[in-house]
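Me: I'm new to this structure and would love a close look at one of its helices. Could you walk me through it and then show me what else is around?

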Amino acid sequence: MPDGPHHPDAQRDPDERRVPDERRVPDERRVPDAQRATDEHRVPDAQRDPDERRVPDAQRDPDERRVPDEHRYPDEQREAVYRVIAERRDVRQGFRPDPVPADVLRRVLAAAHQAPSVGFSQPWDFVVITDRARREQIAALARKHRDEFAAGLPGARARAFDRLKIESILDTPVNIVVTCDRTRGGRHTLGRHVQPQTADFSSVLAVANLWLAARAEGLGVGWVSFFDERELAAQLGLPAHVEVIAYLCLGYVTGFAPEPELATAGWARRRPVSWAVHAEEFGRRGLPGEEPVDPLADVIAAIAPPDTAAMSAAAERQDRMTKPRGSLGVLEEVSVRLAGLAGACPAPLPEPACVAVFAADHGVHAQGVTPWPQEVTAQMVANFLAGGAVVNAFAAQAGAEVTVVDVGVAASLEPVPGLLPRKIAPGTADFTQGPAMTREQATAALTVGLEIARDLVAAGNRCLVTGDMGIANTTASAALICAFTSADPAEATGRGTGIDAATYARKVDVVCRGLARHRPDPADPVGVLAAFGGFEHAALAGFILGAAALRVPVILDGVISGAAALAAAALAPDATAACFAGHRSVEPGHALALDHLGLSPLVDLGLRLGEGTGALLALPLVQSAARALRDVATFDSAGVTEKQ
Ligand SMILES: Cc1cc2nc3c(=O)[nH]c(=O)nc-3n(C[C@H](O)[C@H](O)[C@H](O)COP(=O)(O)O)c2cc1C
């Protein structure tokens with residue numbers, strides 16, 4: 001193997017000993033513990049699994065210490081492997097102009113070429129580009145796509161993206177394009193006949209090898225995917241049957257960041273490894289040798305009261321800000337609550353924000369509680385996804401992203417970007433005839449909600465906003481509110497989208513009959529959700545719990561969110577510390593829910609639309625409250641004289 005990493009010194013390029021090597025993984029250096037490489041050791045405390053799940057030593061498999069280890073690498077080499085995996089970074093900053101010697105490039109390419117491949121088809125090729133003029137043309141293509149992507153981002157995301165560097169095509173001396181020939185090896189390539197995409201996977205594995213080998217050599221690598229694949233292929237003279245898999249920029253660097261740059265920039269967070277590992281079946285999360293994870297129990301256990309020291313510091317700072325004491329009214333309290341939630345004064349700005357619109361259908365629709373046909377739920381979901389609803393307009397104005405979650409729509413929805421398919425069932429059962437859902441379905445919907453909260457926070461959102469869609473869901477909300485607050489159905493039930501007197505009387509009767517049938521116990525929130533809830537109520541309750549566990553504020557919309565928040569608070573009373581009541585809906589049950597939760601609405605505009613609209617109107621208020629606490633000068637810092 002002429003280009004392999006073990007070839008004798010005599011064959012080495014004489015330049016090699018002169019390359020910047022302070023970042024290269026030295027053979028002799030003591031490397032950190034292999035466990036350092038695992039995700040769990042790198043996540044912020046708030047994201048960590050709350051329970052210590054390690055199995056006590058006494059319970060360990062006695063064979064564990066007698067594993068066959070004659071093929072295991074010596075400790076130091078093993079640790080070097082884990083080290084290079086942990087310390088590989090996508091690098092875009094701090095490239096040095098030093099050239100990359102040919103023999104270093106050959107070693108890195110030889111490592112890439114040793115990747116596994118489907119049916120040993122080795123579908124990759126590597127195009128090595130150094131020519132400046134060619135790189136300039138390619139950089140122009142990437143700039144065009146960067147601008148297009150930026151134009152489609154909501155406000156805070158667009159500002160954050162503007163600060164990110166996404167390619168180093170001209171800052172690096174070498175670019176390498178990894179391609180894939182999906183036809184290589186002919187018709188009978190083992191494995192590829194069922195899964196043609198395995199050819200692409202094989203080329204990606206070549207990229208991974210290259211990336212790791214480059215890190216060991218002290219070379220930074222940045223992957224650029226801001227290309228139209230065929231446009232780039234044309235620039236490189238690729239034949240029609242060869243695809244671009246990766247465009248990589250390589251060069252020596254001034255340093256390797258300890259964490260992904262996108263994490264440091266707050267764009268996204270690392271998911272703990274325990275969220276990613278499932279035992280036997282998808283959904284049964286848990287690391288080997290540890291107790292299985294119960295996501296709902298975990299999230300509830302992670303919810304803690306607000307930090308009173310941060311709240312006091314925020315209140316005290318409000319009094320020192322260059323304004324009369326208390327002159328920001330309710331917004332002062334908002335800023336204090338945000339500080340308590342974050343455990344920091346001032347709290348981080350609640351942006352970017354994302355509204356999650358949970359959509360589902362209701363069996364109780366059959367009781368004639370609304371004049372709207374059930375198919376409107378699916379039609380409005382399509383409207384949200386096409387950007388044509390009020391929630392889209394308000395989200396665009398507030399600079400928030402819109403995500404739509406199908407948690408139980410009674411129709412099959414086409415997969416489109418922006419739609420999260422998480423259907424528990426195509427609608428609930430009619431709660432006047434039996435429970436709306438099983439306890440298992442209620443728990444599954446709660447889990448959907450909390451996982452979406454986690455995913456949206458991991459994707460970099462710092463504020464979550466609740467939204468809903470579900471024809472007949474004000475009836476289910478009224479029943480939930482009565483169950484949790486003991487309110488009279490005649491007081492808690494409203495006219496929803498607008499109904500006549502006869503329909504209203506029927507709606508109240510439906511709620512009364514449901515309550516009489518199920519005799520709900522508010523101390524059993526999952527049972528109450530199962531009795532009456534829509535899937536969107538249960539998912540919204542999970543969403544609120546998920547936000548509270550991560551100490552991220554969640555702005556509540558109207559009566560559906562209010563009913564869901566009652567369930568969340570019944571499961572974890574401290575969850576209300578994360579909740580900000582966006583508005584007060586016209587639905588009478590909403591005021592009852594907010595009173596029960598001890599929350600005051602930020603706006604009261606006579607809205608009764610749902611979708612997340614009222615909450616989105618309150619988003620700039622919450623953000624302004626946080627920004628004022630962070631940015632406004634104090635009397636001492638600004639040299640302003642205080643009132644006597
Ligand atoms: C398939 C793929 C495409 C990527 N495309 C880009 C890109 O176009 N621009 C960019 O800056 N980073 C890109 N990256 C790098 C990722 O942002 C980076 O891997 C991630 O943030 C994790 O950071 P780390 O690689 O340093 O661990 C890409 C990564 C992969 C795997």
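Reply: Happy to! One definition helps at the start: two residues are in contact if their C-beta atoms, placed from the backbone, lie within 7 Å. Please keep in mind that this is a predicted model.

Let's begin with helix α2, which runs over residues 102-113 and has 12 residues. From its first C-alpha to its last, α2 reaches 16 Å, close to the 16 Å expected at 1.5 Å a residue. Six names are worth finding along α2: V104, L105, R107, V108, A111 and A112 are buried. Looking down the axis of α2, you would see its buried residues fall within an arc of 160°, so they line one face of the helix. What lies over them? The cover on the buried residues of α2 includes two strands, β1 (126-129) and β2 (174-181), together with helix α5 (198-216).

Now for the wider setting. The domain assignment of the protein chain gives domain 1 (9-30 + 88-258) and domain 2 (358-622). Their centres, taken over C-alpha atoms, are separated by 46 Å. Where the two domains touch, domain 1 gives four residues and domain 2 gives four residues. On the domain 1 side, those residues divide into two nonpolar, one polar and one charged.

Finally, there is a ligand to visit. Around the ligand you will find R89, D90, R92, I166, E167, W223, V224, S225, F226, P260 and L262. Sorted by class, this shell has six nonpolar, one polar and four charged residues.

Technical notes
Residues are numbered from 1 along each chain as its sequence is written. This is a predicted model: local features need pLDDT of at least 70, side-chain atom pairs count only at pLDDT 80 or more; totals for chains, interfaces and linings use all residues. Helices (H or I, at least four residues) and strands (E, at least two) are DSSP runs, numbered from the N terminus. The expected span of a helix is 1.5 Å times one less than its number of residues. A residue is buried if 20 or more other C-beta atoms lie within 10 Å of its own, exposed if 12 or fewer, and partly exposed in between; C-beta atoms are placed from the backbone. The arc is that of the directions from the helix axis to the C-beta atoms. A residue is near a molecule or strand if its C-beta atom, placed from the backbone, lies within 6 Å of it. Ala, Val, Leu, Ile, Met, Phe, Trp, Tyr, Cys and Pro count as nonpolar, Asp, Glu, Lys and Arg as charged, and the others, Gly among them, as polar. Domain bounds come from an automatic or database domain assignment.
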